Amino acid sequence: MSATKSISIVGGGVVGLTLLTRLSRLLPSHTIHLLDGSPKSPPPLSPTDTSTIPTIRTYALNDASVDTLMKCGLDVDSVDNLRKGEYKSMQVWDSKTPSYLKFDASLLSSPKLGLIIEDDYITSSLETLASTLPNAHIIKGAHVKTVTNNSVTYSTSSSTSPQTLNSELIVGADGVNSTVRNSLNLGITKIGYGRTAVISTVKVEGEVTGKTAWQRFFPGGPLALLPLWGGYYSIVWSTTPTHAKALASADPDAFLSTLNTCISSGPTPIKFSSGSSLPPPLKAVKNFADDLVGTLVNGISLVNMNEKFGDSKRFETPPKITELISPRFKIPLNLQHVDSYTQGSVVLVGDAAHSVHPMAGQGLNLGIADVECLLKCIQSSTSTGGPVNDEYTLERYSKERRREVMKIMGGIHALHHVFKEENDLIVTGRALGMSLINMSENAKKVLARAAMGEN
Ligand SMILES: Cc1cc2nc3c(=O)[nH]c(=O)nc-3n(C[C@H](O)[C@H](O)[C@H](O)COP(=O)(O)OP(=O)(O)OC[C@H]3O[C@@H](n4cnc5c(N)ncnc54)[C@H](O)[C@@H]3O)c2cc1C
């Protein structure tokens, strides 16, 4: 196939499919191929049919991502979509201190902070939409082996020899272990968090699903309970690999009991280390200081719980989990960031370029924001008669996204460290910080804006 007016996207996850749909409309005279290694598409999921249980992989999507999916033609936010989990507020609390933080979309006069949506619903709907676009072609079961500046070589089970597609622009949307990135030998920073996520779907008491996303932080990482519909919730529990292994292999009743104990416990009074290694006079000073600081921290948290502040600040206990309705999967967590998102006519989007800890539910949101930025940059070139692979344009995309992703990545990394710490000083600092933020409308507006994907 000739390279002129041809674009190849490698990877058919949400990011690759979103790009295919948006780019095919932006550039109707280009032929756009999407090559995806998985041989089969997920079965279509009707948004009005809630008779099947939720599929296990779900995402918390911010308003910016929801907007992009709507632009693709997905009715993700419509009132008729009964398979969406809408969350209005978020409650975050600490397992080691009495502090918590609760913020609500109403702070910004918005109806919601975001949506929790199934991966299978988004991917199957985007594939169906792409099949109606004359210039978009999805090749399933196409395993990409190598990529050069203008060609993609792949194999399929139906063909004995590898096939090559020549393209003006190649986009790697092939996830954390990106073949595209590896083929180009792009430099990458990789830091293992030393944590593994256990994911599953559960049902809670009663049919009604609340509008709060819950997240309780342990030194191993956060346990999140994210609302879907009909009493279903997604669990994402980030913890140490040993604990994750035990959680994933525990008897289902034991797993449910651990989940309930961990998610239903409310704010915990702060406890300081014993200081047993200190000489007696220093130990006495430490005990005095601990009592003073403990009274202050516990007192500020009690102020937060005072009913006169109303529901927006008051701690809420999550619903009781009654049923485990899916298998449990373990996913090791790493931070990854590529040094440059582009080289020649090849560009990276989504997890191929960056991956972050799931604690803030940002990974896919960042990938969808990459798509929007790449489209904006390509449009600025093509609208003035330039090519889609203009080097300056792709560099601009790389710099802009790298800068934005670094900001979010830095914030998530700091949170990971702050909550991991058991040092008295840091524990006290984070307890005070959380309680004070909980009292400040302005600080919470900033958090709500960040959760919604606004700058
Ligand atoms: C536990 C957990 C919870 C998360 N929760 C959230 C959340 O709530 N919100 C959020 O925004 N993000 C979340 N994320 C992050 C999110 O899952 C990822 O950022 C997102 O899935 C990345 O999408 P992608 O399309 O870039 O990559 P992927 O979804 O990994 O898709 C890559 C695609 O490329 C294909 N592929 C790979 N190699 C090849 C090849 N050689 N040839 C052809 N095709 C290939 C694969 O088949 C796949 O279809 C979470 C992550 C984890 C681990």
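## A three-stranded sheet, a core and a ligand shell

S9 and S10 pair in the antiparallel sense over 4 bridges; strands pair here if DSSP finds at least two bridges between them. Helices (H or I, at least four residues) and strands (E, at least two) are DSSP runs, numbered from the N terminus. The model is a predicted one, so to speak of a local feature takes pLDDT of at least 70 and side-chain atom pairs count only at pLDDT 80 or more, while totals for chains, interfaces and linings use all residues. Residue numbers start from 1 along each chain as its sequence is written.

Back to the sheet. Between S9 and S10 sits a hairpin with 3 residues in the connection, and Thr146 faces Thr153 across the pair. On its other flank, S10 (residues 151–155) pairs with S11, again in the antiparallel sense, over 4 bridges. Here Thr153 stands opposite Thr164, and Val152 stands opposite Leu165. Put together, that gives an open sheet of 3 strands in the order S9-S10-S11, with antiparallel pairing. S9 (143–147) and S11 (163–166) are the edge strands, each with a single partner, so one side of each has no neighbour in the sheet. From one strand to the next the twist averages 30°, taken between N-to-C directions of lines fitted to C-alpha atoms, for helices over the stretch in contact, on a scale from 0 to 180 degrees.

Which residues of S10 point to the buried face, and which to the other? Val152 and Tyr154 share one face and are buried, whereas Ser151, Thr153 and Ser155 point the other way and are not. Buried means that 20 or more other C-beta atoms lie within 10 Å of a residue's own, exposed means 12 or fewer, and partly exposed is in between, with C-beta atoms placed from the backbone. Such a pattern fits the general rule that side chains in a regular strand alternate between the two faces of the sheet.

Zooming out, the protein chain holds 11 helices and 21 strands, and 43% of its 455 residues are buried. Of the contacts (C-beta atoms, placed from the backbone, within 7 Å) with a separation of 6 or more, 77% link residues 24 or more positions apart. The largest nonpolar core, a set of buried Ala, Val, Leu, Ile, Met, Phe, Trp, Tyr and Cys residues joined through C-beta atoms within 7 Å, runs to 106 residues. Ile9, Leu19, Leu20, Val171, Val347 and Val349 have the most contacts inside this core, and H8 gives the most to it, with 9 residues. Leaving aside residues up to four places away in sequence, Val171 touches Ile9, Val10, Leu19, Val347 and Val349.

Strand S1 (residues 6–10) pairs with S2 in the parallel sense over 5 bridges, with Ile7 bridged to Ile32. S2 is mostly covered, as 5 of its 6 residues are buried. In helix H2 (residues 63–72), the buried residues are Asp63, Ser65, Val66, Thr68, Leu69 and Cys72, and they pack against H1, S3, strand S7 (114–118), helix H3 (119–130) and H8. Just after H2, Gly73 takes a positive phi of about 110°.

Leu17, in helix H1, counts as buried because 27 other C-beta atoms lie within 10 Å. Beyond residues up to four places away in sequence, Leu17 touches Gly12, Thr123, Leu126, Glu127 and Ala130. Its C-alpha atom is 9.1 Å from that of Ile138, 121 residues apart along the chain.

What surrounds the ligand? The shell is made of 33 residues, and the closest are Gly11, Gly13, Gly175, Gly350 and Gly363; the shell takes in residues whose C-beta atom, placed from the backbone, lies within 6 Å. Elements that give two or more residues are H1 (14–26), S2 (31–36), S3 (58–62), S9, S13 (188–204) and H8 (363–382). H8 supplies the largest share, 4 residues. By type, the shell divides into 15 nonpolar, 15 polar and 3 charged residues, where Ala, Val, Leu, Ile, Met, Phe, Trp, Tyr, Cys and Pro count as nonpolar, Asp, Glu, Lys and Arg as charged, and the others, Gly among them, as polar.

Two backbone oddities round things off. Most residues other than glycine have a negative phi. Ser109, in the loop between strand S6 (100–104) and S7, has a positive phi of about 50°, and counts as exposed because it has 6 C-beta neighbours inside 10 Å. Asn185, in the loop between helix H4 (179–183) and S13, has a positive phi near 55°; with 8 C-beta neighbours inside 10 Å, Asn185 also counts as exposed.

Key. Two residues are in contact if their C-beta atoms, placed from the backbone, lie within 7 Å.
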